[in-house]
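Biologist: Please take me through one part of this model slowly: the contacts between its side chains. I am new to this, so keep the steps short.

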Amino acid sequence: MIDIGLMVSMVLVVAVPVFYERLRPISRAEPSLRFVDAATGAAVAGLVTGRLAALALDDPPSILRFPDLLIIRSGVEFWPGVLVAVVLVAVGAHRGAVDPWWRLGTLVVPSMLAYGIYDVTCVIRGGCYGPASELGLRPAGASSAMVPVGLLMGLVVIFGARLLRRMIDRGTEWPTICLGALAVVAVVRAIGSIWLPRLGDGFTRPHWTSIAVAVVACIALGTVMSIRHRQDEVER
């Protein structure tokens, strides 16, 4: 059976960033390199890595069953996938004699849009889950309406992408842009996961991972911004 909701989500995940890039190209980006060219291979590798990591942690024997690998809805480890994708993009930039921070920075906004769009389209993948609420949306199969946590998370990430785009236009350095994007996504996932459905009362492994990444990203971002501020003071 074809998962229409997931298919539509993936089409929008690709189409929206591509359209945005054509509508508002980043002036400091590489003019000959498009988002799809730079990100497709890394995104696919990240998705495969995330799926393999989820199976290795939750059900190792299923790694040998190819059909199980294709059931993306049953679990993907987000941050291992992101790590592999980032490394591949950085290595590709290095091989092409391009500053890795530059390459990664130019992909930040469309990548965040893609992630935000995926979360927002939970409304067409069976519904967005969260705490019960009379003012929320009712997911398929649920007995009551819920606060659409996934939808709200996606909107916040998209808003964060807009702020980072403004920072890029003002000439903010690429490391700050990259770490800022990492911090936004990690914080959104860390906070949003509090209200997402889970088994048991404690935090899940992905939730703890997002918290750890958020802490590291915020500390790294604060350090980079502090160093830059000191350099500016010395130059003055």
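**Side-chain contacts, one by one**

Modeller: Start with R228, which is partly exposed, at 29% relative accessibility. Remember as you look that this is a predicted model. What does the side chain of R228 meet? The answer is E173, in a salt bridge with 3.4 Å from N to O. A salt bridge requires a distance within 4 Å, and 3.4 Å satisfies that. Now place the two partners. R228 is in helix α8, while E173 is in the loop between α6 and α7 (174-192), so the salt bridge ties together parts that are 55 residues apart in sequence. E173 is partly exposed as well, with a relative accessible area of 37%.

Stay with helix α8. R205 and E77 meet through their side chains in another salt bridge, at 2.5 Å from N to O. R205 belongs to helix α8 (residues 205-235), and E77 to the loop between α3 (66-69) and α4 (78-95). This pair links distant parts of the chain, 128 residues apart. Is each partner buried or exposed, or something in between? R205 is partly exposed, with a relative accessible area of 34%. E77 counts as buried, at 8% relative accessibility. The reason is the cut-off: buried means under 20%, and E77 is at 8%.

Next, look at R24. Which residue does R24 bridge to? R24 forms a salt bridge with D169, and their closest N and O atoms are 3.1 Å apart. R24 sits in the loop between α1 (4-23) and α2 (35-58), and D169 sits in helix α6 (residues 149-169), so this salt bridge ties together parts 145 residues apart in sequence. Both ends have some access to the outside. R24 is partly exposed at 37% relative accessibility, and D169 is partly exposed at 43%. There is a third member here. R24, R165 and D169 are linked in a network of salt bridges. Over the whole structure, the search finds 4 salt bridges.

Now turn to the rings. How many aromatic pairs does the search of the whole structure find? It finds 3. One of them joins F78 and W79 edge-to-face, with 4.8 Å between centres and 85 degrees between planes. Edge-to-face needs planes over 60 degrees apart, and this pair has 85 degrees. F78 is partly exposed, with a relative accessible area of 23%. W79 is buried, at 10%. F78 also has its ring centre 5.2 Å from that of Y115, with the planes at 45 degrees, so this second pair is tilted. F78 lies in helix α4 and Y115 in helix α5 (residues 100-120), so to speak of their link is to speak of distant parts of the chain, 37 residues apart. Y115 is buried, with a relative accessible area of 12%. Put together, F78, W79 and Y115 form one aromatic cluster.

Charges meet rings too. Which residue lies over the face of F78? It is R189, at 4.0 Å from the ring centre. A second example involves R125, whose charged end sits over the ring of Y118, 3.8 Å from its centre.

Move on to helix α7. Its 19 residues should span 27 Å at 1.5 Å a residue, and the end C-alpha atoms are indeed 27 Å apart. Of those 19 residues, 14 are buried, so α7 is largely enclosed by the rest of the structure. I191 is found in α7. I191 is partly exposed, with a relative accessible area of 44%. From I191 to W174 is 17 residues in sequence and 26 Å in space, C-alpha to C-alpha.

Finish at the surface. Which residues form the nonpolar patch? They are I4, V8, L12, V123, I124 and L137, with about 460 Å² of accessible area together. Helix α1 gives the most to this patch, with 3 residues. I4 is found in helix α1. I4 is exposed, with a relative accessible area of 52%. The cut-off for exposed is over 50%, and I4 passes it at 52%.

Technical notes. Residues are numbered from 1 along each chain as its sequence is written. This is a predicted model: local features need pLDDT of at least 70, side-chain atom pairs count only at pLDDT 80 or more; totals for chains, interfaces and linings use all residues. Side-chain values use heavy atoms; hydrogens and water are left out. Helices (H or I, at least four residues) and strands (E, at least two) are DSSP runs, numbered from the N terminus. Buried means under 20% relative accessible area, exposed over 50%, partly exposed in between (1.4 Å probe, protein chains only). The expected span of a helix is 1.5 Å times one less than its number of residues. Patches are made of residues with over 30% relative accessible area and no salt bridge: like charges are joined within 9 Å, nonpolar side chains (Val, Leu, Ile, Met, Phe, Trp, Tyr) within 5 Å. Accessible areas come from the Shrake-Rupley method with a 1.4 Å probe; for residues, only the protein chains shown count as cover. Rings of Phe, Tyr and Trp (its six-membered ring) pair if their centres lie within 6.5 Å; planes under 30 degrees apart count as stacked, over 60 as edge-to-face and the rest as tilted. A charge sits over a ring if NZ of Lys or CZ of Arg is within 6 Å of the ring centre and within 35 degrees of the ring normal.
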